[in-house]
Amino acid sequence: MWNKKILYFALVCIASLGVCAQPVIRQVHSNRFPATYSKWQEALLAGNGKMGIMVFGNPLHETVVFTDRFFNFPGVKSRTFAEVPRDTLDLIKKYCAIGKFKEANDLAVRTSHWHDGGEGGRHPGFVLKIDMDADGEIKDYRRICNYETGEIIVRWSDDRGEWERRSFVSRDANVSVFELQAPASGGLSCAVSLQMLEEMNFPKGMKVNSLHAKDYLNIRVNYASPMDAEGYEGGIRVKQSGGSSFLRNDTLYIQNASKVLLLARTEKYATDCMAEWDKGLLKEALNKIKPDYKSLVKAHKAIHAAIFNRVKMDLGASPAERLLSNEELLEKQKQTDSPVLALWERIFYAGRYHFLSSGNELTPPDLLGIWTGDCNAGWGGYYHLDANLNLQVSGGNIGAMPEVMEGYFHLNEVWRKDFEINATKLLGCRGMLACGNTPGLSSGLMASINDFYPYHYATGEEAWLLYPFWEHYLITEDKEFLKDRLFPLLKSMGDFYEDFLKYKDGEGHYIITGSVSPENQPSNLRVSLLNNSAFDLSGARFLLSTLIKVCNLLNEEQGVNGGKARWQSLLDALPPYQINEDGAIKEWGWPGLAESYNHRHSSHLMMVWPYREFSEGRTPELYKAAHRALQMRDRHNYENAGHGFLHAALIAAGLHDDASLKNKLLTLTQKDFYFNSLSTAHYPNFGTFCTDVCHAVPGVLIEMLVGSDEEGIELLPALVDGIERGCINGIKARCGVTVEQLSWNLSDKKIYVKLCSTKDRKIRLKFGQWYDEAISLRGGRVEKVTITY
């Protein structure tokens, strides 16, 4: 048994802490690059949250796919549903209360009269092709993505000399920038064109036109009838140094240039696209941008790098291992069950980079981030709100990326009106009811109501969507955000539960009559609409308890006539969690409903992550039962869904189960969830491009190293075997404290941590069984703590 020996504070620098270096800001590929468009998932990715590019990196036949946040197929008709009569709603609840679940499910689905509609799935825009003639063997090929600058760099050599192409998407100027550099001893000759390839699988009926000039390439696309008044365009300004050029049959031929600069932008038009094209605003905007690569990348880097570099992680990989290509690291991980440290470092940075590159202040990443090379995107590329989006943002707050989280907050606020329509028409309630999935900004109306998906009764979904708002407040302690943005949403949900909770059981607890555990059913009853799912129950507990906390923080809704008293009575009367015969948390807290562990979702353990309702100290019996539920789930394979492994890994971190967490990260890195570009798939063996894995893994690794709640911080709560030393900087804890640095070396049996608080406070600092103390922090000063165990 190791014992606690030393704890001390100091206000001077501890030399052994050093600085947590950023071990890798780029990904290096050897002489491998995607040779065909069918491998578009292997392209390197860049973006600014609004526009995205996918760069293949073929030296002689470059292909760049252009994507845009607003590239969704237009809807021919609106998504609609009925206003369900009050007597029908009462009958559905009555059926649930007396256990007639099949009847309740059938009635709920039938009377909703739901019809799909609205915007369609995501699609790519077009491709930029850059073709060159061969001159000797291609050698010294490298394909690099610099995470810190956001640049994609392709280098190679042939008989003409050394070549280089650079590209990025500017957060500053909202433009995609490409620089083609000729060898020092020769000129650059190439053919440049904009195309829509057959392999992109565009539907029939779309019309493509162009308006090219020697210094400007333009492609214009109308959607198929009857939505042909809508469309989009792409424009590329061409700035050539030296040589000559001519235009023939929609292709620009450049000869003997020393350098070529391309400035590109995309735009979507929801009405009368032809009139918008005729204004020439896209070309006008590009002409206003100074055509200088160095100044453009400098301005972009000032924004991008400042965000990206806020958090740094070093797991102690060797310098030699860090020089290996992505392909080599992924192959090495397949040969061992010990963490390949350089790979784990790199997927941390890759996740932060892709998350930042596909989100901005208006929108967070969707299922595709912002990228696709195919119109047949998995699940339409929509936002999915019962797991996928929620997991993608898991590292956003604690990983110090408020710029992308602002897009998340904004998008949820945009959805509010439609969420209120969902609640009113489908459940007869005030407040909000989330929609299951949606294309983006256009609609939050309810999706996917059918026998298996009576999603209008998944009332816990809105709680999960609002948790990051609360997490943001816990980190920032921003009272203005709390009052103006979160409190109104929480109050709305207080209204919802006042209307929704009606029936009580014999012990005086409310029954959540009409309750769904997302996408799962009991093993002995293939019905989805049931009672008291742990998903809906934990959501109600989180929303009501948080609403009451906020009322106290803001001194709102107090007194006998205030809402706080009503909401407290609802909270007090919620049913307790149930424990089944396996000793595990029941997924449905209702008699006669058998567990179904072999499933991708872990919705019944929301009280562990993200809500942190359970803990070893406060709720030891429930904490143990939650761990048992995780163990029962771990006997199966989460249906090989990436989000299944991710949510379970976050839960494992909250339950201090490092072995479970490690197994899930090994599955993701050994079973071909990661493409060589370090973007990811939804399934093993590169099955269905989807960014929830790469975006959520940084959150998993942060929770492995730094756990936090409203009371304090836990150091290395689920450090996996094989990571003996390392450090992490810049983590935002949920107690208003920044972990400026955490360093550990297990062989020395020492942990060093630097903590910074904006105000005086006491927090609980914990490290396993060896250290658990209340410590005082002074506002504006960095406190250094050494723990020897």
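**Exercise 1. Helix H11**

In this predicted model, determine how far helix H11 is enclosed by the rest of the structure, and examine its length and its course.

*Solution.*
Step 1. Burial is counted first: of the 16 residues of H11, 15 are buried, so the helix is largely enclosed by the rest of the structure. The criterion for a buried residue is a relative accessible area under 20%.
Step 2. The length is then checked. H11 covers residues 461-476, and at 1.5 Å a residue its expected span is 22 Å. The C-alpha atoms at its ends lie 24 Å apart, in agreement with that expectation.
Step 3. The course of the helix shows a kink of about 25° at Tyr467, shortly before the proline Pro468.
Step 4. Beyond the helix comes Glu477, with a positive phi near 55°.

**Exercise 2. A mixed sheet**

Establish the strand order of the open four-stranded sheet that contains S31, and describe how S31 pairs with S26 and with S32.

*Solution.*
Step 1. The order is S25-S26-S31-S32, and the pairing is mixed. The edges are formed by S25 (706-708) and S32 (771-777), each of which pairs on one side only. On average, neighbouring strands are turned by 25° against each other, direction ignored.
Step 2. On one side of S31 (residues 761-767), three bridges join it in the parallel sense to S26 (residues 712-715). Ile713 has Leu765 of S31 as its bridge partner, and Glu714 stands opposite Lys766 in S31.
Step 3. S31 and S32 run antiparallel and are joined by seven bridges. Phe767 stands opposite Tyr771 in S32. The hairpin of these two strands has three residues between them, and Gly768 there takes a positive phi near 50°.
Step 4. Five of the seven residues of S31 are buried, so this strand is largely enclosed by the rest of the structure.
Step 5. Helix H18 (residues 692-705) lies across S25 and S26, and runs at about 85° to S25.

**Exercise 3. The nonpolar cores**

Identify the residues with the most contacts inside the largest nonpolar core, and list the contacts of Leu705.

*Solution.*
Step 1. The largest core comprises 243 residues, and those with the most contacts inside it are Leu128, Leu705, Ile713 and Leu742. Its largest share, 12 residues, is supplied by helix H13 (residues 534-554).
Step 2. With neighbours within four places in sequence left aside, the contacts of Leu705 include Met313, Leu315, Ile728, Leu742 and Trp744. Also among them are Glu714, Leu715, Leu716, Pro717 and Leu719.
Step 3. A second, separate core has 13 residues, including Val177, Leu261, Leu282 and Leu286.

**Exercise 4. The setting of Leu570**

Is Leu570 buried or exposed, and which residues are in contact with it?

*Solution.*
Step 1. Leu570 belongs to helix H14 (residues 563-572).
Step 2. Its relative accessible area is 5%, and a residue under 20% counts as buried; Leu570 is therefore buried.
Step 3. Apart from neighbours within four places in sequence, Leu570 is in contact with Gly494, Tyr497, Glu498, Leu501, Tyr510 and Leu544.
Step 4. Asp374 is separated from Leu570 by 196 residues in sequence and by 48 Å in space, C-alpha to C-alpha.

Key: Residues are numbered from 1 along each chain as its sequence is written. This is a predicted model: local features need pLDDT of at least 70, side-chain atom pairs count only at pLDDT 80 or more; totals for chains, interfaces and linings use all residues. Side-chain values use heavy atoms; hydrogens and water are left out. The expected span of a helix is 1.5 Å times one less than its number of residues. The bend at a residue is the angle between axes fitted to the seven residues ending there and the seven starting there. Buried means under 20% relative accessible area, exposed over 50%, partly exposed in between (1.4 Å probe, protein chains only). Two strands pair if DSSP finds at least two bridges between them. Axes are lines fitted to C-alpha atoms, for helices over the stretch in contact, and angles run from 0 to 180 degrees between N-to-C directions. Contact means heavy atoms within 4.5 Å. A nonpolar core is a set of buried Ala, Val, Leu, Ile, Met, Phe, Trp, Tyr and Cys residues joined through side-chain atoms within 4.5 Å.
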